[in-house]
Amino acid sequence: MGNNSLKHHPVAKVYVKIVGHCNSHLHMLRLFAVGLSAMIIAACGPIKEPVDASDRPIRITRIRGPVYLVEDLNYWKTNSVFYVNDSGGVFTGAGWTEKSAKQILWKAATLTMAEFTAVVPADHRLPYSGGLHEFKKQSVPIYLSKKSRTLMLEQWKDLNLDMSSFGSWKEIPAAEPDHIFDGSMEFLGGSVIVREIDAGQRSSAIAAYFPAERILFLGSALSDPPYFYTYDRKALRSSITELMKLPFEIAISGHGKAIRNRAFVEDQLRQLNAD
């Protein structure tokens, strides 16, 4: 069957990351921090989704041409994008869970008869990598940057532990990548370009650029409200400054309101420069 065995596949979380993952930390302290962070995020502006939610729908809309926006409304609203044409499909996120992944894959399967090319999660954390096992089941090759793979191995247990205070959360095993890359990669004849963002030693981040559509996806490196506290601000500032050289017109934020413009990225860059 086409679409990596997906044409007949049935249609069928608040992302919390405590800074640093210290080597010695108490479980109860972690749960308190998770709960406190959840309350702060729930009360904060544009993030209006329930804290403990694993059954929310996936919202998928076309942005421009073959580029589609995915809004996963579970836990902490997370945005990703995918690109599909007659030659294949590339995804920048697998969703929080396998359930999310199934919805993403089913929708993409209605848009092309081609085999899917790759899933390249925007970072190693659960909002983008939790659903990777479903992609693996459907024979979609998993690409991880070398750094994402290293941090996934180091932090995966703790990332699941962070989510364990939510009653709906079920522990997810880490998925094995099919390919590991360093720096950047191009897919579908250069229609999709993925590039590592330097976000410091303890964080991974991937940007995806779609040159024909002039769309730049920045994952958690671009969020509303800003999500700088997990990143090395100096490194991130340098990376985004370099990405600003691309002639993009539309920027996609990893969390909060999804569709942005160059002015929004410039504003985020000013906030990074403020420190």
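**Exercise 1. The chain as a whole**

What does the accessible surface of the protein chain come to, and what percentage of it belongs to carbon and sulfur atoms?

*Solution.* The structure is a predicted model, and we begin with its outer surface. The accessible surface of the protein chain comes to about 11,500 Å², and carbon and sulfur atoms account for 55% of that area. Turning from the surface to the residues, we find that the chain has 275 of them, of which 55% count as buried. Finally, the secondary structure of the chain consists of eight helices and 13 strands.

**Exercise 2. The buried face of helix 7**

Find the buried residues of helix 7, and work out how they are arranged around the helix axis.

*Solution.* Step one is to locate helix 7, which spans residues 233–243, and to list its buried members, namely Ala 235, Leu 236, Ser 239, Ile 240 and Leu 243. Step two is to look down the axis of helix 7, where these buried residues fall within an arc of 125°, so they line one face of the helix. Step three is to ask what covers them: the cover includes strand 9 (192–196), strand 10 (206–210) and strand 11 (215–217), together with helix 8 (262–273).

**Exercise 3. Thr 112 in its loop**

Decide whether Thr 112 is buried or exposed, and identify the backbone atoms that its side chain approaches.

*Solution.* First, place the residue: Thr 112 sits in the loop that runs between helix 3 (98–109) and strand 5 (118–119). Next, apply the cut-off, by which a residue is buried when its relative accessible area is under 20%; Thr 112 has 4%, and therefore it is buried. Lastly, follow the polar contacts of its side chain, where a polar atom lies 2.8 Å from the backbone oxygen of Asn 85, and a polar atom lies 3.0 Å from the backbone nitrogen of Ala 114.

**Exercise 4. Positive phi angles and a pair of loops**

Describe the phi angles of Tyr 75 and Ser 139, and then state how far the C-alpha atom of Ser 139 is from that of Glu 115.

*Solution.* Tyr 75, in the loop between strand 2 (67–72) and strand 3 (78–85), has a phi near 55°, which is a positive value in a residue other than glycine. Tyr 75 is also buried, with a relative accessible area of 0%. Ser 139, in the loop between helix 5 (132–137) and strand 6 (143–145), has a positive phi near 60°. Glu 115 belongs to the loop between helix 3 and strand 5, and at 41% relative accessibility Glu 115 counts as partly exposed. Although Glu 115 and Ser 139 are 24 residues apart along the chain, their C-alpha atoms are separated by 9.1 Å.

Key:
Residues are numbered from 1 along each chain as its sequence is written. This is a predicted model: local features need pLDDT of at least 70, side-chain atom pairs count only at pLDDT 80 or more; totals for chains, interfaces and linings use all residues. Side-chain values use heavy atoms; hydrogens and water are left out. Buried means under 20% relative accessible area, exposed over 50%, partly exposed in between (1.4 Å probe, protein chains only). Helices (H or I, at least four residues) and strands (E, at least two) are DSSP runs, numbered from the N terminus. The arc is that of the directions from the helix axis to the C-beta atoms. Contact means heavy atoms within 4.5 Å. Accessible areas come from the Shrake-Rupley method with a 1.4 Å probe; for residues, only the protein chains shown count as cover. A polar contact is a pair of N or O atoms within 3.5 Å; within protein, one must be able to donate a hydrogen and the other to accept it, and residues adjacent in sequence count only if both atoms are side-chain atoms.
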